[in-house]
Amino acid sequence: MATDVPPPPGGTDTRVQPPTEQFVAVQASEEFAELRRTHRRFAFPLTVAFIAWYLLYVLLSNYAGGFMGHKLFGNINVALVFGLAQFLTTFLIAWLYSRHAAAKLDPRAEAIKSRMEADA
């Protein structure tokens with residue numbers, strides 16, 4: 001929770017911090033609620049999908065050794081491909097989130113921030 005305690009002496013930041021009441025009011029606003037909904041609609045499904053994908057990999061590694069050990073070509077087997085796909089999906093999700101945040105979250109958050117700073 002934010003407090004009205006001033007920053008430590010010697011700081012170079014001259015911005016005025018909005019009061020706690022303003023943070024609480026913004027948090028209760030419909031605009032902020034919509035920002036949170038937009039974030040959650042993107043983040044939660046992707047998180048669940050990635051965890052399911054990861055657990056599938058772990059379960060197949062533990063209980064389907066024959067399938068995971070199946071050689072696809074050379075020394076490359078299904079387990080290696082699935083393991084590398086874990087890294088690929090991690091970077092893909094990070095890239096998708098970066099695009100989503102830049103397009104949908106950042107402009108709304110910046111509008112809220114600008115309004116708060118103007119009112120402070």
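Helices (H or I, at least four residues) and strands (E, at least two) are taken here as DSSP runs, numbered from the N terminus. On that basis the protein chain has four helices and two strands, arranged along the sequence in the pattern α-α-α-β-β-α. The radius of gyration, taken over C-alpha atoms, is 23 Å, well over the 14 Å that the globule rule gives for 120 residues, so the chain is more spread out than a compact globule; the globule rule is 2.2 Å times the number of residues to the power 0.38. The C-alpha trace spans about 65 × 35 × 25 Å along its principal axes.

This is a predicted model, in which local features need pLDDT of at least 70 and side-chain atom pairs count only at pLDDT 80 or more, while totals for chains, interfaces and linings use all residues. Residues are numbered from 1 along each chain as its sequence is written, and side-chain values use heavy atoms, with hydrogens and water left out. The predictor's confidence in each residue is given as pLDDT, from 0 to 100. Its mean over the protein chain is 89, and 90% of the residues reach 70 or more. Among the elements, helix α1 (residues 20-28) has the lowest mean pLDDT, 86, and α2 the highest, 95.

Burial comes next. A residue is buried under 20% relative accessible area, exposed over 50%, and partly exposed in between (1.4 Å probe, protein chains only). Of the 120 residues, 16% count as buried. The accessible surface of the protein chain, from the Shrake-Rupley method with a 1.4 Å probe, comes to about 9000 Å², and 67% of this belongs to carbon and sulfur atoms. Contact means heavy atoms within 4.5 Å. Among contacts with a separation of 6 or more, 58% are between residues 24 or more positions apart.

Several side-chain pairs link helix α2 to helix α4. Side chains of opposite charge can pair when their charged atoms come close. With a salt bridge defined as a side-chain nitrogen of Lys or Arg within 4 Å of a carboxyl oxygen of Asp or Glu, the count comes to five. One of them joins Arg 115 to Glu 31, with the closest N and O atoms 2.3 Å apart. Arg 115 lies in helix α4 (residues 78-119) and Glu 31 in helix α2 (residues 30-63), so this pair ties together parts that are 84 residues apart in sequence. Arg 115 is partly exposed at 40% relative accessibility, and Glu 31 is partly exposed at 35%.

Glu 34 takes part in two of the salt bridges described here. Its bridge to Arg 37 has its closest N and O atoms 3.0 Å apart; both residues lie in helix α2, three residues apart, about one turn of the helix. Its bridge to Arg 108 has a closest N to O distance of 3.8 Å. That second pair links distant parts of the chain, with Glu 34 in helix α2 and Arg 108 in helix α4, 74 residues apart. Glu 34, Arg 37, Arg 108, Glu 30 and Arg 41 are joined into one network by salt bridges that share partners. Within this network, Glu 34 is partly exposed with a relative accessible area of 25%, as are Arg 37 at 34% and Arg 108 at 32%.

Aromatic rings also connect the two helices. A pair of aromatic rings is described by the distance of the centres and the angle of the planes. Rings of Phe, Tyr and Trp (its six-membered ring) pair if their centres lie within 6.5 Å, and planes under 30 degrees apart count as stacked, over 60 as edge-to-face and the rest as tilted. The structure holds three such pairs. Phe 42 and Tyr 97 form a tilted pair, 5.8 Å centre to centre with 50° between the planes. Phe 42 is in helix α2 and Tyr 97 in helix α4, so the pair ties together parts 55 residues apart in sequence. Tyr 97 is partly exposed, with a relative accessible area of 32%. Trp 53 and Phe 82 form another tilted pair, 5.5 Å centre to centre and with 50° between the planes. Trp 53 belongs to helix α2 and Phe 82 to helix α4, so this pair ties together parts 29 residues apart in sequence. Phe 82 counts as buried at 19% relative accessibility. Trp 53, Phe 82 and Phe 67 form one aromatic cluster.

Val 81 is also placed in helix α4. Val 81 is partly exposed, with a relative accessible area of 34%. Leaving aside neighbours within four places in sequence, Val 81 is in contact with Leu 72 and Ile 76. Val 81 and Met 68 are 13 residues apart in sequence and 9.2 Å apart in space, C-alpha to C-alpha.
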